[in-house]
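Here is a short tour to read with the model open beside you. It starts where the chains meet and then moves along to a helix and some charged pairs.

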Protein chains: 2
Amino acid sequence: MTDTIFGRIARGEQAADLLYEDEDVVAFRDINPQAPIHILVIPRKPIATLNALEPQDAELIGKLFLAAARIAAQEGIAERGYRTVINCNAEAGQTVFHLHLHLLGGRPLQWPPG
Amino acid sequence: MTDTIFGRIARGEQAADLLYEDEDVVAFRDINPQAPIHILVIPRKPIATLNALEPQDAELIGKLFLAAARIAAQEGIAERGYRTVINCNAEAGQTVFHLHLHLLGGRPLQWPPG
């Protein structure tokens, strides 16, 4: 398993602007925000990409979204709306190979989504 | 629970270009595609938005992503890459209030994601 900056954040070895953490999930602000609110939600377990998901990871992936919804409420964007994005591999622009959910909001988001 | 077109597709009451289905999940092509491959993956269970998720839905949400990864492989975009998007409420552009995952690929996807 290749180490990544997100793995180091998940293990507390790298500083980040943490917003939420529990035994399975960590959330922090993206350092290159694409919207007024742009937060990353990651599993502590290092999973490289969506392609590497195994059936036993299903509940963990769902927990990322439960955390994202909770954080959206805390940030005051739950009712206005927000977008969640998970990129896989090069054509989607994935650059860190530790699966991560982007939570974006605070402005109207355009369509198509990139 | 408000009925929606996706609920009718999930129940087999409305035709769609189905690509995958199992007891929990249905996938079909978006009728207004934003990329060469643009597929919607939905739970059969009608959940209006991410804000309505409950802890017992976590595994089901994960199953949407397991299905998306399987479909991406079938469509030949798993290695090139693909983007998954779930929109919540108006500022994200959600128009059908039955939770749905957008799977997009077949072209380079831009950043920001909308």
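Contact here means heavy atoms within 4.5 Å. By that rule, 100% of the interface residues of chain B are also interface residues in chain A, so the copies meet through the same surface. Before going further, please note that this is a predicted model, in which local features need pLDDT of at least 70 and side-chain atom pairs count only at pLDDT 80 or more, while totals for chains, interfaces and linings use all residues. Residues are numbered from 1 along each chain as its sequence is written, chains are lettered from A and ligands numbered from 1 in the order in which they are written, and side-chain values use heavy atoms, with hydrogens and water left out.

## How the two chains meet

How is chain B superposed on chain A? A rotation of 180 degrees does it, with 0.0 Å of shift along the axis and an RMSD of 0.0 Å. The two copies are thus related as by a two-fold rotation axis. The superposition is by least squares on the C-alpha atoms of residues with pLDDT of at least 70 in both copies.

The contact draws 41 residues from chain B and 41 residues from chain A. About 3,600 Å² is buried between chain B and chain A, and carbon and sulfur atoms give 57% of this area. Three residues, B:Glu91, B:Trp111 and B:Gly114, supply 19% of the area that chain B buries against chain A, more than any other three residues. Buried area is the accessible area (1.4 Å probe) that two parts lose on being put together, summed over both.

Polar contacts are pairs of N or O atoms within 3.5 Å; within protein, one must be able to donate a hydrogen and the other to accept it, and residues adjacent in sequence count only if both atoms are side-chain atoms. Across the interface of chain B and chain A, 26 residue pairs are in polar contact, with both residues at pLDDT 80 or more. The elements that give two or more residues to the side of chain B that touches chain A are α2, β4 and β5 of chain B. Of these, α2(B) gives the most, with eight residues. Helices (H or I, at least four residues) and strands (E, at least two) are DSSP runs, numbered from the N terminus.

B:Asn89 is a good place to zoom in. It lies in the loop between β4 and β5 of chain B, and it is buried, with a relative accessible area of 11%. Buried means under 20% relative accessible area, exposed over 50%, and partly exposed in between (1.4 Å probe, protein chains only). The side chain of B:Asn89 reaches the backbone oxygen of A:Glu79 at 3.3 Å. Leaving aside neighbours within four places in sequence, the contacts of B:Asn89 include A:Ala78, A:Arg80 and A:Gly81 in one chain and B:Thr49 and B:Phe97 in the other.

## Helix α2 of chain B

What should the 17 residues of helix α2 (residues 58-74) of chain B span? At 1.5 Å a residue they should span 24 Å, and the end C-alpha atoms are 25 Å apart, which agrees. The expected span is 1.5 Å times one less than the number of residues. Of the 17 residues of α2(B), 12 are buried, so the helix is largely enclosed by the rest of the structure. Among them are B:Leu60, B:Ile61, B:Leu64, B:Phe65 and B:Ile71. Just after α2(B), B:Gly76 takes a positive phi of about 80 degrees.

## Salt bridges

A salt bridge is a side-chain nitrogen of Lys or Arg within 4 Å of a carboxyl oxygen of Asp or Glu. The count comes to 18 over all chains, with two between chain B and chain A. Here are three pairs.

| Pair | Closest N to O distance |
|---|---|
| A:Lys45 and A:Asp57 | 2.5 Å |
| A:Arg80 and B:Glu91 | 3.1 Å |
| B:Arg44 and B:Glu21 | 2.8 Å |

In the pair of A:Arg80 and B:Glu91, A:Arg80 is partly exposed at 40% relative accessible area, whereas B:Glu91 is buried at 17%. A:Lys45 is partly exposed at 38%, while A:Asp57 is buried at 3% relative accessibility. Both B:Arg44, at 27%, and B:Glu21, at 46%, count as partly exposed. Elsewhere, A:Asp3, A:Arg8, A:Arg11 and A:Glu13 are linked in a network of salt bridges.
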